[in-house]
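Thanks for sending this one over. Below are my notes, point by point, starting with a strand pairing that caught my eye.

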Amino acid sequence: DPSVLFTTAGMQQFKEYFIGKPSPFGKRAVSCQKCFRTSDIESVGDESHLTFLEMLGNFSFGEYFKEEAVKFAFEFIFEELKLKKDDFIFTVFGGDPSAGSGQAVPFDEESFLILKKLGVPENKIKKCGRADNFWGPTGKEGPCGPTVEFHINDTELWNLVFNEYFQDEKGELTPLKQKGVDTGMGLERLTMAVQNKPSVFETDLFLPLIQEIEKNTPKSYLLNSKSYRIIADHTKSAVFLISEGIFSSNVERGYVLRRILRRAIRYGKLLNLPKNFLIPLSQIAIEIYKEVYPEIKSKETDILTAIQNEEEKFEKTLVQGIKEATSLIIAKGSISGEEAFRLYESSGTPLAFIIEIIEEKGVKIDKERLRKDFDEALKKHQEISRAGAEKKFGGVGKEASYEATKLHTATHLLHTALREILGVNVKQMGSDITAQRLRFDFSHPQKMTEEEIKKVEDLVNQKIKEDLEVKKEEMSYEEAIKSGALAFFKEKYPERVSVYSAGNPSDPSGRVFSREICAGPHVKRTSEIGHLEIIKEESSGAGVRRIRAVLQK
């Protein structure tokens, strides 16, 4: 889903099938989806919140609905896994008298009665409002609907979403012609329930990591379960992100990876763990998952190298930050919460380190006030970051949408140009388009030369100047491939597909420059695009290169 940096929920790749696009999987699907999210990062360290998780889900695209979905869940939880029904509380949507733009959304009585019919006592069914039991949409518009949730020991285990409505940008709800089911259950929480553990960190998915941290913690340090849990979670997340070809950087996904790695390192330093302590932890994480996800074992060297490089780089930054903090405290005799946060933001120097320096220098300071001012500065920064993310990855207006459309068509031209210059070994490995830029990943064994980059850029701009017509045709998938249409190698396609071609209709040979299977949207003619400028060519993983490009007016 190009509107997010990471897959944060198992349903994101299925969104279009809930609103009518034919599903290549049929009308039913189940999945185990690797997910990564930082929205709950401040809660990581409690009993159940994580940044990396495996999301289990079952989905219906216009086939079974509420009764079947609830029965499937009951069968799996109480008959297959043999968990005790008495340990569960169930929640349903209690209705909202003024949802959206004033529309009333009724109480989900159907789900309530289904639960009663399955033998759930009425006092075990709670009616909750829109904030708790009405899911979606993701972004400013999309499918949404009431939910039924299964809770065990105050932890949400399984969320069954019934997509009944489409919410537009104004918040107005329209009943969907095709109703759908979207469920999500974290494997880690399920494991906690099945193994009867008080937290996910005491299951066999985490315990070897926790034990390794405990083993290396000096005896003088008291047990700090939250620190252990954060280090274990962030290490596992880093292993999986790097295995997907993401490496530390100062932008986008790479920036998120860098932040969680440095957060783990900071907590390790507070526990006085040995240098490069993330390496053995990463190896343990790989051992736990290598059978299920063999790609993390095959990329073990890349993973460990990337983590060690980041730890060594951060060590230098942190030393400099401690020097700056010391100089500031000596010069001023104090330090403000805002200054402490700036040091934390620029060098990662934890507030606890700064307080240690203050105490070493014998400086008198109100530590509680310092912590409060630091927390306020951190909260302000998070609010600004959140607003920026919503602006970047949320809904876009007409002008921005048109800019993204131009870049979408430019991506097709770029794909063909790369194959013309570098050879047909080039295959699309992924892409991400915003209103400001395009990012295109493709298979290629080595770094492109400056000459190759220039040739690709010139060829794309030549085709833009030729004012080629962009034409859409619908045909079977087999016909599309026979016609020479390119396809994204990871994608699964329905039987009928849309093919977009860019060519000169007056060319008697009928030859087109680019032809791809795609859902659109695209401009009508290439001259609308403007001028493409490639601003960067870089590695995106083993055997994969990445191009970043923008349009010049």
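**Notes on the model**

1. Ile89 has His151 of strand S8 as its bridge partner. The strand on the other side of that pairing is S3 (residues 88-93), which runs antiparallel to S8 with four bridges between them. Strands here are DSSP runs of type E with at least two residues, helices are H or I runs of at least four, and both are numbered from the N terminus. Two strands count as paired if DSSP finds at least two bridges between them.

2. Before going further, a word on what we're looking at: this is a predicted model, where local features need pLDDT of at least 70, side-chain atom pairs count only at pLDDT 80 or more, and totals for chains, interfaces and linings use all residues. Residues are numbered from 1 along each chain as its sequence is written, and side-chain values use heavy atoms, with hydrogens and water left out.

3. Back to S8 (residues 142-152). Is this strand buried or exposed? Of its 11 residues, 11 are buried, so the rest of the structure largely encloses it. Buried means under 20% relative accessible area, exposed means over 50%, and partly exposed is in between (1.4 Å probe, protein chains only).

4. S8 has further antiparallel pairings. Strand S7 (residues 134-135) is joined to S8 by two bridges, with Trp135 opposite Gly145. Strand S9 (residues 155-167) is joined to S8 by nine bridges, again antiparallel, and Val148 has Leu160 of S9 as its bridge partner. The hairpin of S8 and S9 has two residues between the strands, and Asn153 takes a positive phi there, near 50°.

5. Have a look at Glu164, which sits in S9. Its relative accessibility is 14%, so Glu164 counts as buried. Leaving out neighbours within four places in sequence, its contacts (heavy atoms within 4.5 Å) include Lys66, Cys144, Gly145 and Lys179. Phe18 is 146 residues away along the chain, yet the C-alpha atoms of Phe18 and Glu164 are 9.7 Å apart.

6. Which helix packs against S8 and S9? That's H5, whose buried residues also pack against strand S2 (52-61), helix H2 (66-80) and strand S10 (173-186). Six of the eight residues in H5 (residues 187-194) are buried, so this helix is largely enclosed by the rest of the structure. Glu188 and Arg189 are among the buried ones, along with Leu190, Thr191, Met192 and Ala193. After H5 comes Asn196, with a positive phi near 55°.

7. For another setting, try Lys471 in strand S13 (residues 469-476). Lys471 has a relative accessible area of 44%, which means it is partly exposed. Apart from neighbours within four places in sequence, Lys471 contacts Val499, Tyr500 and Ser501. Lys524 is 53 residues from Lys471 in sequence, with 7.3 Å between their C-alpha atoms.

8. Now the whole chain. There are 17 helices and 17 strands, and 49% of the 553 residues are buried. The radius of gyration, taken over C-alpha atoms, is 26 Å, which agrees with the value near 24 Å for a compact globule of 553 residues (the rule is 2.2 Å times the number of residues to the power 0.38). Along its principal axes, the C-alpha trace spans about 85 × 65 × 50 Å. Of the contacts with a separation of 6 or more, 65% are between residues 24 or more positions apart.
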